[in-house]
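Subject: A structure for you to look at

Hello,

Here is the structure I promised to pass on. Have a look at it first, and then read on for what turned up in it.

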Amino acid sequence: MLTALKLVDRTVFHVTLTLAMLLLVAMASVSFYQVTTRFVFEQPSTWSEVTSRSLQIWMVYLGLVAAFRTGSLMSVDMLQRLAPRRLKIVVICAIAGLNLGVLAVMFWWGWDMATRVRFQTLAGVDNPFTGGGISIALVYTAIPVGAALSIVAVLARFAEDVTRASKGEPVSEAEAVAQLKRQEI
């Protein structure tokens with residue numbers, strides 16, 4: 001079970017991080033195009049601002065997966081560092097439970113919002129293949145997709161942290177540094 005979770009987690013992590021980086025490059029390119037057409041040629045494009053914003057939304061929600069997985073989100077880990085082994089596992093369970101709860105709410109309401117706006121189109125952006133508008137639901141879908149993929153990251157991080165804590169190993173980098181400092185004294 002844990003081996004399958006690790007494989008899925010590793011794949012999701014690398015794919016989402018790569019996509020987020022590619023979206024960052026695309027967003028920067030579209031933004032540069034927007035500034036160039038607006039201020040150099042004085043002929044602003046109608047699609048670049050909306051496209052840049054949409055790319056940024058997708059980038060953030062895909063990047064959220066990497067942030068959850070690596071533990072890069074802002075946290076207060078003093079209780080976790082100072083707690084004895086059993087209490088540390090309880091704290092890890094509480095943190096994972098809260099994260100999963102927030103992600104479940106994001107998934108639920110993100111899905112609801114995406115289905116509500118599916119008939120609305122992005123202003124100033126036309127589908128190059130059909131000539132029609134592009135549904136704004138395409139942008140809102142970033143919320144449930146990012147939340148669902150982040151759930152995988154939270155579960156993998158949770159399994160890893162509980163395994164480390166049950167063995168008495170440091171769970172976070174700050175805990176490892178504190179442990180090394182105690183050994184030097």
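Let me begin with one residue in a loop. Setting aside residues up to four places away in sequence, Q43 touches T37 and R38. Q43 sits in the loop that runs between helix 1 and helix 2, and with a relative accessibility of 58% it counts as exposed. Please keep in mind throughout that this is a predicted model.

**The same loop, a little further along and back**

E42 is also found in the loop between helix 1 and helix 2. Its phi is positive, about 55°, although E42 is not a glycine. E42 is exposed as well, with a relative accessible area of 62%.

W47 belongs to this loop too, but here the relative accessible area is 34%, so W47 is classed as partly exposed. Which residues does W47 contact, once its neighbours within four places in sequence are left aside? They are V30, Y33, G124 and V125. For V30 there is also a distance to go with the contact: V30 and W47 are 17 residues apart along the chain, and their C-alpha atoms are separated by 9.4 Å.

**The chain as a whole**

Now let us step back. The protein chain holds seven helices and two strands. If you follow it along the sequence, the order is α-α-α-α-β-β-α-α-α.

How does the radius of gyration of the chain stand against that of a compact globule of 185 residues? The globule would come to near 16 Å, but the protein chain has 21 Å. Taken along the principal axes, the box filled by the C-alpha atoms is roughly 65 × 35 × 25 Å.

Of the 185 residues, 31% count as buried. The chain exposes about 12,100 Å², and carbon and sulfur atoms supply 68% of that area. As for contacts between residues at least 6 apart in sequence, 69% of them join residues at least 24 apart.

**Helix 1 and its link to S52**

Helix 1 covers residues 2-40, and S31 has its place there. S31 is partly exposed, at 24% relative accessible area. The side chains of S31 and S52 are joined by a polar contact of 2.9 Å. To get a feeling for the helix, compare S31 with K6: the two are 25 residues apart in sequence and 37 Å apart in space, C-alpha to C-alpha.

**Helix 2**

Helix 2 takes in residues 48-70, which makes 23 residues. From its first C-alpha to its last it reaches 32 Å, close to the 33 Å expected at 1.5 Å a residue. G71 follows helix 2 and has a positive phi, near 75°.

Two residues of this helix are worth a visit. S54 lies in helix 2, and its relative accessible area of 13% is under 20%, so S54 is buried. Apart from neighbours within four places in sequence, S54 is in contact with L122 and V139.

R69 is the other one, and its place is in helix 2 too. Is R69 buried or exposed? With a relative accessible area of 13%, R69 is buried. Its contacts, leaving aside neighbours within four places in sequence, are D9, F13, A153, A156, R157 and E160. With E160 there is also a polar contact between the side chains, at 2.9 Å.

**Helix 6**

Helix 6 has 25 residues, 142-166. It reaches 36 Å from its first C-alpha to its last, close to the 36 Å expected at 1.5 Å a residue. Just after helix 6 comes G168, which takes a positive phi of about 80°.

**The two strands**

Finally, the strands. Strand 1 (residues 121-126) and strand 2 (residues 133-135) pair in the antiparallel sense, over two bridges. Within this pairing, T121 in strand 1 stands opposite S135 in strand 2. The two strands form a hairpin with six residues between them, and G131 in the turn has a positive phi of about 80°.

If you would like a place to start, try R69 and its side-chain polar contact with E160, and then go to the hairpin formed by strand 1 and strand 2.

Enjoy looking around, and write back with any questions.

Best wishes

Methods
Residues numbered from 1 in each chain as written. Predicted model: local features only at pLDDT ≥ 70, side-chain atom pairs only at ≥ 80, totals over all residues. Heavy atoms only, no water. Helix = DSSP H or I, 4+ residues; strand = E, 2+ residues; numbered from the N terminus. Expected span 1.5 Å × (residues − 1). Buried < 20%, exposed > 50% of the residue type's maximum accessible area, 1.4 Å probe, protein only. Polar contact = N/O pair within 3.5 Å; in protein donor to acceptor, adjacent residues only side chain to side chain. Contact = heavy atoms within 4.5 Å. Pairing = 2+ DSSP bridges. Rg over C-alpha atoms; globule rule 2.2 N^0.38 Å. Areas by Shrake-Rupley, 256 points an atom, 1.4 Å probe, with all protein chains shown as cover.
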